[in-house]
Amino acid sequence: YARKKAAGQSGGIIVPGIEEAARIDPEALLSVVYQRYKDETPSLAKTTIRSFDLFIDRFIEMWGDRDINSLARSDVDRFKSIIRQLPSRPPHDVRAMNMSDQLTWMKRNAGAKAPISPRTVNGHLTAVRTVLNFAHKQTDLIKNRDNWSNPAEGFNMRTDTKVEDERRPFDEDEVIRVFAPPYQKYAKTPD
């Protein structure tokens, strides 16, 4: 600024990132796109909304409420590595903490709680991926659409496949015995 002023040029203070911030479309902020996704998808289940609220809030807590066009695969990869370390089903006082404090709590209380499951990590990644896919398919907010790819695509963790139940199913005679007197009074029949 001092050099510009000495040279007779007018202008504001030069601060790294300020110029970029001035070019951000407020409609392209992740929080705004997410709200638009919720508004335009009325069929979303309440449990999905509650989960996505938490997952998107965590992403924003980590990276700030950024323009969706500025998100990179490295952002999603780092988010995934941090989320994997958060506690599973923490006490209420820990749940109320920000992510950084939860990570500190996990380190201080090693072994007290397991980290969240791969399935929950995948839920976080799915929320981000879904909102970005919505922005691409149903809005004009994505710049350079022809070369755009979702930075959250392909980041799911492998989860354990369901183990086959080793119990055998009831045979017909066993079913009849279960629903015969004296247990019959507990069976509900269509009216």
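Two helices are in contact here when heavy atoms of one lie within 4.5 Å of heavy atoms of the other. With that in hand, let's walk through this predicted model, starting with how its helices pack and then turning to its pockets.

A good place to begin is helix H4, which spans residues 46–63, and its meeting with helix H5, residues 73–83. On the H4 side, the contact involves Phe55, Arg58, Phe59, Met62 and Trp63. Facing them from H5 are Asp75, Val76, Arg78, Phe79, Ile82 and Ile83. Sorted by class, this contact holds eight nonpolar and three charged residues, with no polar ones. The axes of H4 and H5 are 11 Å apart and the angle between them is about 110°. Angles of 65 to 115 degrees count as roughly perpendicular, so H4 and H5 are roughly perpendicular to each other. The crossing of H4 past H5 is right-handed.

H4 also packs against helix H8, which runs over residues 118–138. Here the angle is about 80° and the axes are 9 Å apart, and H4 and H8 are therefore roughly perpendicular to each other. From H4, the residues in contact are Phe52, Phe55, Ile56, Arg58 and Phe59. Their partners in H8 are Thr120, Gly123, His124, Thr126, Ala127, Val128, Thr130 and Val131. By class, the contact of H4 with H8 is made up of seven nonpolar residues, five polar and one charged.

Now follow H8 to another of its neighbours, helix H3, residues 30–40. H3 and H8 pack at about 75°, with 9 Å between their axes, an angle that makes H3 roughly perpendicular to H8. H3 brings Leu30, Val33, Tyr34, Arg36, Tyr37 and Glu40 to the contact, while H8 brings Thr130, Val131, Phe134, Ala135 and Gln138. Seven of the residues in the contact of H3 with H8 are nonpolar, two are polar and two are charged.

With the helices in place, we can look at the open spaces. The largest pocket has a volume of about 300 Å³. Which residues line the largest pocket? They are Leu54, Phe55, Arg58, Pro87, Ser88, Arg89, Pro90, Arg95, Ile116, Ser117, Thr120 and His124. H4 and H8 each supply at least two residues of this lining, and the largest share, three residues, comes from H4. Taken by class, the lining of the largest pocket has five nonpolar, four polar and three charged residues.

The second largest pocket contains about 150 Å³ of space. Around it you will find Thr48, Ser51, Phe52, Phe55, Arg119, Thr120 and Gly123. H4 and H8 again each supply at least two residues of the lining, and H4 gives the most, with four residues. By class, the lining of the second largest pocket divides into two nonpolar residues, four polar and one charged.

One residue worth finding in your viewer is Phe55 of H4. Phe55 takes part in the contact with H5 and in the contact with H8. Phe55 also lines the largest pocket and the second largest pocket. On the H8 side, Thr120 meets H4 and likewise lines the largest pocket and the second largest pocket.

Key
Residues are numbered from 1 along each chain as its sequence is written. This is a predicted model: local features need pLDDT of at least 70, side-chain atom pairs count only at pLDDT 80 or more; totals for chains, interfaces and linings use all residues. Side-chain values use heavy atoms; hydrogens and water are left out. On a 1 Å grid over the protein atoms alone, a cavity is a set of points where a 1.4 Å probe fits but cannot get out, and a pocket is an open set with protein on both sides within 12 Å along at least five of seven lines; lining residues have an atom within 4 Å of a point. Grid points are joined across faces, edges and corners, and a volume is the space filled by probe spheres set on the points. Ala, Val, Leu, Ile, Met, Phe, Trp, Tyr, Cys and Pro count as nonpolar, Asp, Glu, Lys and Arg as charged, and the others, Gly among them, as polar. Axes are lines fitted to C-alpha atoms, for helices over the stretch in contact, and angles run from 0 to 180 degrees between N-to-C directions. Angles under 35 degrees count as roughly parallel, over 145 as roughly antiparallel, 65 to 115 as roughly perpendicular and the rest as oblique. A crossing is left-handed if the near helix is turned anticlockwise from the far one by less than a right angle, and right-handed if clockwise.
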